[in-house]
Amino acid sequence: MLVEVKVPVLSESVAEATLITWHKKSGDYINRSENLIDIETDKVVLELPAPSAGVLSKILKQDGATVISGEVIAMIDTEGSTTVNAIKQEEKPESAADKQVVVITGKSSEKTGAEEVNQAIPMLMPAARKLAEENNLKATETSAIKGTGLGGRITKEDVQAYMDKKSNPASSNEIKSGLVDTPRTGARTERRVAMSRLRQTIAERLVQSQSTAAILTTFNEVNMQSIIDLRTRYKAEFEKEHGVKLGFMSFFVKAVITALKKYPIINASVEGNEIVYHDYYDIGIAVGSPRGLVVPIIRDADRLTLADIELQIADFAKRAQDGKLTIEELSGGTFSITNGGVFGSMLSTPIINPPQSAILGIHATKERPVVENGQIVIRPMNYLALSYDHRIIDGREAVLSLVAIKEALEYPMSPLWEK
């Protein structure tokens, strides 16, 4: 019996996807629910499990092909000729040759050869695997790459760094110190790497934002001392009670919601000649991932406690590294927050994430001299930047909403923090 392998149903906002890497080739046996292929949309990388056990009899769409929801990309023969052999192979008892004794801290333990190989070879993220295959890297080479992703996973950047080092083994420090000669050969090479679907979408949306909205940015500064003191006082108790660290982002989310309730136009969006006011608060939090910047959404953030928000952000960050965020979690949103401060940014002008009308940029908190009551004092200051669509948001509302965010952060024990 032949079973069709189809592209899963994509969300309404995702028109098409790209096949990244087939994990099986034609003629291979595959178990039910085993991952067949990684599929990249403009938001996430999806794993497509086999709908049935059997032999992968035909692959209709190869790596790199563009596909749509429900499209048939392969066929599985549930009664394939290699099925029996594959089952027998799985049930075959291990031979002495398949085992080896490994000595660890003076004690011996038995491991199979397969387990030894699996432990020796780090896990490659889909984009990293694709780049390695495109450059014909051998398994011995990928196993030598040190992964910087979550759990030691090898990212695309790790593979690229390995190839750069391979093509130019002399480090910049060695060159600067004069330890190696750098003869001028006249060769100037270039590399062309296709943009991932996510990077293409980011580029398109940023250009769309710049060309369709009248973007303006207003700035302010906030004294973070009250938040720092509050966090220092309660962080141990908070983590013990809720199982998550008390960070700064939850305070920013709460402060933003305070301003959005006071100035609803900041939470609105433009559709044609209409302004759509949203009576709910879905806050997008920009998170870095091996594939690029993604913005998962905290739904109904006004109904959540600080602990709820911290738990969601921690979960988003972990699954962004693993490529496990869903399309639904990356869709929608009425306002966004981006934190360039984690990378050391002092000031920036964030770009609006359409169809939203505003975005808050927060930056590195640094001790600076400020004037209080006629005296120069040192305070931990953070610059805030609010970019907004001037088509529907006037300067007055933009400035006052940023002031509201500032005040909510500087007086965190006020009733503004109540749910």
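Student: What does right-handed mean for a helix crossing?
Tutor: A crossing is right-handed if the near helix is turned clockwise from the far one by less than a right angle. In this model, which is predicted, the crossing of H9 and H11 is right-handed.

Student: Where are those two helices, and at what angle do they pack?
Tutor: H9 covers residues 249-262 and H11 covers residues 395-410. The angle between them is about 135°, and their axes lie 8 Å apart. That makes H9 oblique to H11, because angles outside the parallel, perpendicular and antiparallel ranges count as oblique.

Student: Which residues meet there?
Tutor: On the H9 side they are Phe251, Phe252, Ala255, Val256, Thr258 and Ala259. On the H11 side they are Ser401, Ala404, Ile405, Ala408 and Leu409. Sorted by class, this contact has 9 nonpolar residues, 2 polar and no charged.

Student: Next, H9 and H10. How do their axes cross?
Tutor: Roughly at 120°, with the axes coming within 9 Å. H10 is residues 306-322. That makes H9 oblique to H10 as well. H9 passes H10 in a right-handed crossing.

Student: And which residues in H9 meet H10?
Tutor: Met249, Ser250, Phe251, Val253 and Lys254. In H10 they meet Leu306, Ile309, Glu310 and Ile313. The contact of H9 with H10 has 6 nonpolar, 1 polar and 2 charged residues. Phe251 is in the H9 contact with H11 and also in the one with H10.

Student: New topic. How many cavities of 30 Å³ or more does a search find?
Tutor: A search of the whole structure gives 1. The largest cavity holds about 30 Å³ of space.

Student: What lines the largest cavity?
Tutor: Its lining is Val256, Ala259, Leu260, Ile266, Phe335, Leu386, Ser401 and Ile405. H9 and H11 are the elements that give two or more residues to it. H9 gives the most, with 3 residues. By class, the lining of the largest cavity is 7 nonpolar, 1 polar and no charged.

Student: Do any names come back from the helix contact, and which?
Tutor: Val256, Ala259, Ser401 and Ile405 line the largest cavity, and these residues are also in the contact of H9 with H11.

Student: OK, pockets. How much space lies in the largest pocket?
Tutor: About 850 Å³. It is lined by 37 residues, and the closest to its centre are Arg205, Val295, Ser336, Asn353 and Pro354.

Student: Which element gives the most to that lining of the largest pocket?
Tutor: H7, with 5 residues. H7 is residues 197-212. Strands S12 (269-271), S16 (292-294) and S18 (335-339) each supply at least two residues of the lining.

Student: How does the lining of the largest pocket split by class?
Tutor: The lining of the largest pocket has 19 nonpolar, 12 polar and 6 charged residues.

Student: You mentioned Pro354. What kind of peptide bond joins Pro354 and Pro355?
Tutor: A cis one, with omega about 10°. Most peptide bonds are trans. Pro355 lies in the loop between S18 and S19 (358-362).

Student: Last one. What is the phi of Ser33?
Tutor: Ser33 has a positive phi of about 75°, although it is not a glycine. Most residues other than glycine have a negative phi.

Student: Where is Ser33 found?
Tutor: In the loop between strand S3 (29-30) and strand S4 (35-40).

How values were computed:
Residues are numbered from 1 along each chain as its sequence is written. This is a predicted model: local features need pLDDT of at least 70, side-chain atom pairs count only at pLDDT 80 or more; totals for chains, interfaces and linings use all residues. Side-chain values use heavy atoms; hydrogens and water are left out. Axes are lines fitted to C-alpha atoms, for helices over the stretch in contact, and angles run from 0 to 180 degrees between N-to-C directions. Helices (H or I, at least four residues) and strands (E, at least two) are DSSP runs, numbered from the N terminus. Angles under 35 degrees count as roughly parallel, over 145 as roughly antiparallel, 65 to 115 as roughly perpendicular and the rest as oblique. Contact means heavy atoms within 4.5 Å. Ala, Val, Leu, Ile, Met, Phe, Trp, Tyr, Cys and Pro count as nonpolar, Asp, Glu, Lys and Arg as charged, and the others, Gly among them, as polar. On a 1 Å grid over the protein atoms alone, a cavity is a set of points where a 1.4 Å probe fits but cannot get out, and a pocket is an open set with protein on both sides within 12 Å along at least five of seven lines; lining residues have an atom within 4 Å of a point. Grid points are joined across faces, edges and corners, and a volume is the space filled by probe spheres set on the points.
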